[in-house]
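Q: Please take a close look at one part of this structure, the aromatic rings that pair with each other. I am new to it.

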Amino acid sequence: MTYCVTGACINCKYTDCVVVCPVDCFYEGENMLVIKPEECIDCGVCVSECPANAIIADTEPGAEKWVEINAQYANQWPNIRKLKPAPADADEWLNVPNKFEDHFNPNPAKQS
Ligand code: F3S
């Protein structure tokens, strides 16, 4: 089992999840984070930390797609281990539907 980040993270990117992860298994794209399935130890502490409710278990309905997306981009994006300020308009993106289809950016996060 693993947890995975869904499209609800897109343009919200609060990074509260990163701070609590004991194994640093989050990876950062331009506008979304993902979890590397092989590194996730299934502790689930990140789930309740996310203000966007963007993290789900792979046992939930519809999770298969997100596990694949997480696995794919975790191999292409840099690891993130620290809290970052959320985008200024993060709250405006909460609950926006179809964010993955309409707004996903496949590029890795720019390194600061
Ligand atoms: Fe994204 Fe939620 Fe983490 S919005 S960056 S999964 S706290």
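A: What follows describes the aromatic pairs and the residues that form them.

This is a predicted model, in which local features need pLDDT of at least 70 and side-chain atom pairs count only at pLDDT 80 or more, while totals for chains, interfaces and linings use all residues. Residues are numbered from 1 along each chain as its sequence is written, and side-chain values use heavy atoms, with hydrogens and water left out.

A pair of aromatic rings is described by the distance of the centres and the angle of the planes. Rings of Phe, Tyr and Trp (its six-membered ring) pair if their centres lie within 6.5 Å; planes under 30 degrees apart count as stacked, over 60 as edge-to-face and the rest as tilted. The count by this rule is five aromatic pairs.

One of them joins Trp66 and Phe100: the ring centres are 5.4 Å apart and the planes stand at 85 degrees, so this pair is edge-to-face. It links distant parts of the chain, as Trp66 is in helix α2 (residues 63-74) and Phe100 is in helix α3 (residues 99-103), 34 residues apart. Helices here are DSSP runs (H or I, at least four residues), numbered from the N terminus. Both Trp66 and Phe100 are buried, meaning under 20% relative accessible area with a 1.4 Å probe, protein chains only.

Trp77 and Phe104 form a tilted pair, with 6.1 Å between centres and 40 degrees between planes. This pair too links distant parts of the chain: Trp77 lies in the loop between α2 and α3, and Phe104 in the segment after α3, 27 residues apart. Trp77 is buried at 5% relative accessible area, and Phe104 counts as buried at 17%.

Trp66, Tyr73, Trp77, Phe100 and Phe104 together make up one aromatic cluster.

How values were computed: Helices (H or I, at least four residues) and strands (E, at least two) are DSSP runs, numbered from the N terminus. Buried means under 20% relative accessible area, exposed over 50%, partly exposed in between (1.4 Å probe, protein chains only).
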